[in-house]
Amino acid sequence: MDKLPWVGVSVKRKEDERLLRGAGRFLDDLDDTVALHAAIGRCPYPHARIRGIDPGGALEMAGVEAVLLGRDVVARTEPTNVLRPFPGAATTAYYAMAHPVARYEGEPVVAVAARDRYEAEDALERIAIDWEPLPHVVDAEEALRSGSPLLFDQVPSNLLAASTVKAGDPDAAFRQAAAVVKGKLRINRVTGLPIETRGLLARYSDQTRTLEVWSSTQTPHLVRAQLAHVLRMAESDIRVIAPDVGGGFGIKMCVYPEDVVVCLLAIDIGRPVKWVEDRVEHFRGCTHAREAVHELELAGSADGTLTALRDRYVIDAGAYNSPFGPPMLTNLMLPGPYRLRDGEIERRVALTNKVPVGPYRGYGQPESNFVREVLLDRLARKLGQDPADLRRKNLLRPDELPFQNLTGATYDSGDYVRCLDLALSRVGYDEVRAGQAAWRREHRYVGVGVSCYAEFTGYPSSAFLGRTGAGFGAYESVTIRMDRAGRAAIYTGVSTFGQGMETTFAQVCASSLGLEPADITIYGGDSRGTPYSVGGFASRTMIAGAGAIATATGEIRAKMLRLAGHLLGVAPEHLEVAAGVVRRTDDPSVQLSIREVSEAAFLGHRLPPGDDPGLEATAYHDPPASAFGYGSVAARVEVDPRSGAFDLQRYVLVHDCGTQVNPMIVEGQIHGGIAQGLAAALFEELQYDRDTGQLVNGTLVDYFAPSAADLPRFELDHLETPAPATSLGVKGVGEGGTIGAAAAVANAIGDALAPFGVELDRLPITAESVWRALEAARSRPAAAVN
């Protein structure tokens, strides 16, 4: 079926009507009158030995039902398994509670279940813990140095993992280069900060020895698998349900220590136990992201051709190899959308006494884009070329795709140069260039910056993931079931967490079955009622989910054609499904309504030979390859060189995510991604005190998350190059908005302050950091101050 009438249409989101009426059902809305409430006691030190715990004071309190200690958790459970392990990574046993050593401030060490949260929190204060503070380290480079405090005796030098990728002959390319630029760039530590924090409600049945868990998660089936492993239970004895989820961004993908603790309390007590994370806990218990230090070099010829790349970088993994592992896409996407064949990338992953890191929107791609694109501007300045011209010269052309970059990623399709040119046109690039000299004479420093990216979306087959040791596949699955009224229901393990999945899945299904999106109901996020699912992350939901829907609806549609043909006396190949009917292609007046066909299927009175009653299909789709979106960002700023203050005046993003199922939802996804990209670029940073090892800004008073008033208007434009290997030609879009933000703004500020020789080398970019860069430039003998 070639016609897909609802694909490419900005249908209003199905889920919004429910949410706007206040009928959404989030984790904390679940009201179990007999549930107890848990509170988690956490380590106040960055590194400490627990010499003893006395829970007696808590157990004496009225309303307290149970206290759970770390030694019991370690004895009864397995360490959390890593779903996406680094090859050759050291083992860091990560139990749900620390015993006998805690390795970061905020690590759980004890838990209380009581009649309400207030009593549970009060009881924690009655538990006496004898601590022995140990030496700590909270800087990744320092952690790798000889003599630094070790987090694990079996992990020498705190080196969790190391790898090197080399392609071509980068050493020769650097020797022969006309120009080489270098930089040491620091990426800030951030967290996802969804509007809804994490939470769990667990109920254990001693009669059936089964566990039911309601979790604010993006991946119900993966959480079930991890819980089964940690709790030493069969997966079939655990049911995980995700209600409405108030944002995920990658940080709600896996099992956390608190999830295991709440389940153990429910098993021990025989009553439901509920825990909802408060915001202070979120900063100290939810995975962090991004932090890394890159020492990057770029080489180019005199005409601006990129010839080689070399990067040596360190990722700060925090205290453990977390349940999903540190970001892995930095290496893969570091070459960007450019014609680069020679390079060497050395990656080291360090353990520090900080909250473990995990996936967050982009999973390494914003980091690699920032360091590469900033160095590209420096190379252009060194060669005396315009940064946009240098990029245009090196961007891959459509006739060069597919192209395998030097780290092994195969870019599939697109027009990167056209994307860049459209962004430049939208931001008024030539006009800014023409006006800069006059503005500077007026002591106005206006600049424009560019950032180009390619975006990895979806995993390239389950077989590929198996070869890398992943604990999940690349496929997605659905069951689609029609009723007698001719409506359809989709059962999917993917939970709804703001990505518009209910609407886009309905559009794809309705297009194939001749229905309207309003005729489709989505039942998602329940591991019991849905086929085995991987979940929503890595910009993969539509790539894999649309394929499963297409396969399942294809089976149902074929059966509808057979049944209608049998009833009408027409060969199925002469029929089509469209606009609520099954009709002859050459005489549309010969038709049956889909309702009539569905009713006949369920009655089973006049079925074609060999067909069973009902209209239902379950399908799995395993994408054969990843799809690569791409985009170009252009930003315009004005900077005050006296203070470093700057105004982000224009922000343009042109992107290509292949076929757009719902353009309105695509724009919403991009807006959200840009907001988080700019937040990390300009505002947010989790800061640890080197001397105390404490997180010093772990509240929303001190962690500067921007509001809408702090961000500019986003100007978007779209290209649409279908992906050759995915169903419908879709490419992922959930993470693209985050990738190019930091580099575009940094380059715009560098351009505005070019007369001063300013080089920005760290995130976030603030007025203070710009002022410091100005002072550093002024102190250099070669700096020209205007």
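## Second largest pocket and a seven-stranded sheet

Helix 5 (140-143), strand 8 (179-187), strand 13 (292-300), strand 14 (306-316) and helix 22 (767-779) each give at least two residues to the lining of the second largest pocket. Helix 22 supplies the largest share, three residues. The model is predicted.

The space in this second largest pocket is about 720 Å³. Its lining counts 31 residues. Nearest the centre lie Glu291, Glu685, Leu686, Gln687 and Arg762. By class, the lining holds 14 charged, twelve nonpolar and five polar residues.

Now the sheet. Seven strands make up an open sheet with mixed pairing. Their order is 3-5-1-12-9-10-11. Strand 3 (64-69) and strand 11 (238-241) are the edge strands, and each pairs on one side only. On average, neighbouring strands of this sheet are turned by 20° against each other, direction ignored.

Strand 1 (residues 36-42) pairs with strand 12 (residues 273-276) in the parallel sense, over two bridges. Here histidine 37 stands opposite lysine 274 of strand 12.

Two helices lie across strands of the sheet, as tabulated here.

| Helix | Strands it lies across | Angle |
|---|---|---|
| Helix 4 (residues 117-124) | strand 1, strand 3, strand 5 (108-114), strand 12 | about 30° to strand 1 |
| Helix 8 (residues 257-269) | strand 1, strand 3, strand 5, strand 9 (199-205), strand 10 (210-215), strand 12 | about 30° to strand 9 |

Strand 12 thus appears in several places. It pairs with strand 1. Helix 4 lies across strand 12, and helix 8 does too.

Methods. Residues are numbered from 1 along each chain as its sequence is written. This is a predicted model: local features need pLDDT of at least 70, side-chain atom pairs count only at pLDDT 80 or more; totals for chains, interfaces and linings use all residues. Side-chain values use heavy atoms; hydrogens and water are left out. Two strands pair if DSSP finds at least two bridges between them. Helices (H or I, at least four residues) and strands (E, at least two) are DSSP runs, numbered from the N terminus. Axes are lines fitted to C-alpha atoms, for helices over the stretch in contact, and angles run from 0 to 180 degrees between N-to-C directions. Contact means heavy atoms within 4.5 Å. On a 1 Å grid over the protein atoms alone, a cavity is a set of points where a 1.4 Å probe fits but cannot get out, and a pocket is an open set with protein on both sides within 12 Å along at least five of seven lines; lining residues have an atom within 4 Å of a point. Grid points are joined across faces, edges and corners, and a volume is the space filled by probe spheres set on the points. Ala, Val, Leu, Ile, Met, Phe, Trp, Tyr, Cys and Pro count as nonpolar, Asp, Glu, Lys and Arg as charged, and the others, Gly among them, as polar.
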